[in-house]
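Colleague: I am new to this structure and would love a close look at one part of it. Could you take me to a loop and then show me how the surroundings are built?

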Amino acid sequence: MALQFSVPTPLEYFAALVSESEDLPLLEAAASIAHDEYPDLDVQQLLGDVDQLQARLQRRLPADASELQRLRTLNQFFFGDLGFGGNLNDYYDPDNSYLNAVLRTRRGIPISLAILWLELAQGLGLEAHGVSFPGHFMVKVLLPKGQVVMDPMTGRSLSREDLSERLDPYQRRQGLAGDDDVPMGLYLQAAPARDILARMLRNLKEIHRSQQDWPRLIAVQDRLLVLQPQAWAEWRDRGLAHAEHGNARQAVTDLETYLAQADEGLDVAAITERVGSLRRTLGGQR
């Protein structure tokens with residue numbers, strides 16, 4: 001009798017990768033997001049390609065290299081020799097969030113570049129972390145004499161003054177301008193892998209929503225809800241996307257899930273009205 005094996009769907013594969021709260025494989029999970037656009041992508045081959053870059057980088061360093069020497073060699077290799085950098089000509093191209101495309105073109109956005117850079121940095125034994133800085137994802141490295149905060153688009157180290165200047169627009173929007181009570185360190189905390197993946201997916205979410213690309217938006221929302229099932233606003237947003245795409249029944253299910261958790265949210269009345277309208281649509285179907 002022949003053995004039969006079921007091949008997991010891309011969403012099931014992603015769910016398996018993010019099921020553990022500890023030691024979540026950031027690179028593999030981030031790479032697998034591209035399955036929605038590149039269904040034939042071989043993620044294991046991509047991981048192997050990154051391993052080859054790691055081996056090339058490792059050969060450039062003596063065994064007793066200091067942390068600072070390792071950091072400088074990594075930046076020369078990643079930004080100089082390989083030529084990774086920001087895709088400033090087409091910043092909102094979804095490919096900037098797909099690691100297979102970023103590896104091919106050497107162009108991306110801060111968070112995708114950071115994920116690749118972090119994999120190489122950690123492979124060198126550096127204590128490197130992603131930083132969910134407002135408006136622009138950063139990386140930081142802890143060295144014996146302090147920490148270095150870097151822009152993953154360029155590899156440039158950022159001073160406290162640089163960071164304050166970048167933070168100012170965000171603080172103004174939040175009504176925090178001139179508030180010296182919020183320490184800079186609060187914005188420079190290491191981001192958990194789950195939060196990095198969520199930020200990456202929300203970048204894609206905004207791109208697809210702005211283009212009214214409902215099927216791609218729903219695929220991203222599916223991943224966000226696997227990743228953060230209690231992010232109730234994501235249930236709402238997926239429901240609204242289903243409604244726009246004509247999936248009234250699924251829209252009602254998602255929106256009612258949101259309403260059950262929303263308490264007294266500002267949009268409760270509007271979402272309740274939308275559910276009523278969708279139910280009337282379903283009632284008229286034969």
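Modeller: Happy to! Let us start at Gln212, which sits in the loop between helix 8 (193–210) and helix 9 (214–227). Helices here are DSSP runs of H or I with at least four residues, strands are runs of E with at least two, and both are numbered from the N terminus. Before going on, please keep in mind that this is a predicted model, where local features need pLDDT of at least 70, side-chain atom pairs count only at pLDDT 80 or more, and totals for chains, interfaces and linings use all residues. Residues are numbered from 1 along each chain as its sequence is written, and side-chain values use heavy atoms, with hydrogens and water left out.

Back to the loop. Gln212 has a positive phi, near 50 degrees, and is not a glycine. Most residues other than glycine have a negative phi. Gln212 is also exposed, at 56% relative accessibility; exposed means over 50% relative accessible area, buried under 20%, and partly exposed in between, with a 1.4 Å probe and protein chains only.

Another residue to set beside Gln212 is Arg106, in the loop between helix 5 (99–105) and strand 2 (107–108). Arg106 is not a glycine either, yet its phi is positive, about 65 degrees. With a relative accessible area of 28%, Arg106 counts as partly exposed.

For a buried position, turn to Asn75 in helix 4 (residues 67–81). Its relative accessibility is 15%, so Asn75 counts as buried. Beyond its neighbours within four places in sequence, Asn75 is in contact (heavy atoms within 4.5 Å) with Gly80, Trp117, Met150 and Gly155. Trp117 is 42 residues away from Asn75 in sequence, while their C-alpha atoms are 8.7 Å apart in space.

Met150 leads us on to a sheet, as strand 5 covers 146–150. Three strands form this open, antiparallel sheet in the order 3-4-5. Strand 3 (127–131) and strand 5 are its edges, each pairing on one side only; to pair, two strands need at least two DSSP bridges between them. Strand 4 (residues 138–143) and strand 5 are joined in the antiparallel sense over 5 bridges, and Lys140 has Val149 of strand 5 as its bridge partner.

Stepping back, the protein has 12 helices and 5 strands. Of its 286 residues, 46% count as buried. The C-alpha trace spans about 75 × 70 × 35 Å along its principal axes.
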